[in-house]
Amino acid sequence: MTFPHLALLAAILVACAFHPAAAQDAARGATIAAERNCAGCHGAAGVSELERIPSLAGQPAEFITLQMILFREGLRQAPPMNELSQGLEDQAVEDLAAHYASLPAAPPPGLAPRDAALAERGRQLSAALNCGVCHLPDYSGRNQIPRIAGQREDFLRHTLAQYRDSQRRGTDTNMNAVMYGVPDDAIAALAHYMAHQPVRPE
Ligand code: HEC
Ligand code: HEC
């Protein structure tokens, strides 16, 4: 499979890296989120209560910005987000990102009880596959690397399988390489472990 639009992605990365942070306005982002009813799916405070829909609260702003641009440009195929990101200018995307980054992360509502054996397997896999090297040891993410601590378990399972099966790509292929050949039961253990990671108070 080829990965088109590399020049466009390079331009996006440069834009993200050098855009002054002061230009993002979380209050303006909150207004746009209300107009577009993002809360209808992602939860009132950015903490999702719906199956397979990720929480956005406490994600690094750069990660949200980049994903919205990938959706808008059709480089991450994830209905309904491709449709919903149409017509959002870069400024609106950055404001939305600042808004969600400013909301406190919270544990996923309705999380299945912690299974000690499954969580321990997830912990060992995470150590072996170096998840914490990129996502940080507390899995809170940084820059373009998402928070995965306290993300919804069903979404984590779904998206990790997508990386493995090359149905999802970021601006690089790091996650596809990490997940290459990882079986479903190992994905389930990783998702369970990450969903149960404590969310660090701000
Ligand atoms: C109709 C439901 C719906 C609405 C409304 C919606 N989203 Fe989403 N969003 C989703 C789903 C479903 C996904 C996950 C897609 C996938 O990867 O399978 C998603 C994914 C995302 C992601 C990627 C997060 C991650 O962790 O990978 C971002 C960022 C996002 N949405 C932002 C927004 C914003 C901002 C709005 C409002 C402009 C919005 N969404 C409105 C359903 C919705
Ligand atoms: C070499 C660095 C690196 C390593 C190691 C790594 N990741 Fe990632 N991860 C990333 C980057 C970069 C992204 C964003 C990619 C994109 O844009 O799709 C990401 C995205 C993700 C996402 C998507 C989250 C969301 O909200 O959309 C999940 C889940 C994830 N990683 C889990 C893991 C797990 C579990 C491991 C260990 C098995 C791991 N990662 C190891 C760099 C890494």
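The following exercises, each with a worked solution, concern a predicted model of one chain with its ligands.

**Exercise 1. Overall make-up**

Determine how many helices and strands the chain has, and what share of its residues is buried.

*Solution.* Begin with the secondary structure: the chain has eleven helices and zero strands. Read along the sequence, this gives the pattern α-α-α-α-α-α-α-α-α-α-α. Turn next to burial: of the 202 residues in the chain, 36% are buried. Finally, consider the contacts between residues at least 6 apart in sequence; 74% of them join residues at least 24 apart.

**Exercise 2. The surroundings of ligand 1**

State which residues come nearest to ligand 1, and describe the shell by class.

*Solution.* There are 21 residues around ligand 1, and the nearest are Arg-36, Cys-38, Cys-41, Pro-54 and Ala-78. Helix H3 (39–42), helix H4 (61–72) and helix H5 (81–84) are the elements that each give two or more residues to this shell. Sorted by class, the shell around ligand 1 consists of 14 nonpolar, five polar and two charged residues.

**Exercise 3. The surroundings of ligand 2**

Identify which helix gives the most residues to the shell around ligand 2.

*Solution.* First, list the closest of the 23 residues that surround ligand 2: Leu-129, Cys-131, Cys-134, Gly-170 and Asn-174. Second, find the elements that give two or more residues to the shell; these are helix H8 (131–135), helix H9 (153–164), helix H10 (174–179) and helix H11 (184–195). The greatest contribution is that of H8, with four residues. By class, the shell around ligand 2 has 14 nonpolar, nine polar and no charged residues.

**Exercise 4. Two helices that cross**

Decide how the axes of H7 and H11 are oriented: roughly parallel or roughly perpendicular?

*Solution.* The axes of helix H7 (residues 116–128) and H11 come within 7 Å and cross at roughly 100°. Angles of 65 to 115 degrees count as roughly perpendicular, and H7 is therefore roughly perpendicular to H11. Among the residues that meet are Leu-118, Ala-119 and Leu-125 in H7, and Ala-186, Leu-190 and Tyr-193 in H11. By class, the contact of H7 with H11 has seven nonpolar, three polar and two charged residues.

**Exercise 5. A residue of H11**

Explain why Met-194 counts as buried.

*Solution.* Met-194 lies in helix H11. A residue is buried if 20 or more other C-beta atoms lie within 10 Å of its own. Met-194 has 25 C-beta neighbours inside 10 Å, and therefore counts as buried. Leaving aside neighbours within four places in sequence, Met-194 is in contact with Tyr-139, Ile-148, Ala-149, Gln-151 and Leu-156. Although Leu-156 is 38 residues from Met-194 along the chain, their C-alpha atoms are separated by 8.2 Å.

Terms used
Residues numbered from 1 in each chain as written. Chains lettered and ligands numbered in written order. Predicted model: local features only at pLDDT ≥ 70, side-chain atom pairs only at ≥ 80, totals over all residues. Near = placed C-beta within 6 Å. Nonpolar A, V, L, I, M, F, W, Y, C, P; charged D, E, K, R; others polar. Buried ≥ 20, exposed ≤ 12 C-beta atoms within 10 Å, placed from the backbone. Contact = placed C-beta atoms within 7 Å. Axes fitted to C-alpha atoms, helices over the stretch in contact; angles between N-to-C directions. Parallel < 35°, antiparallel > 145°, perpendicular 65-115°, else oblique.
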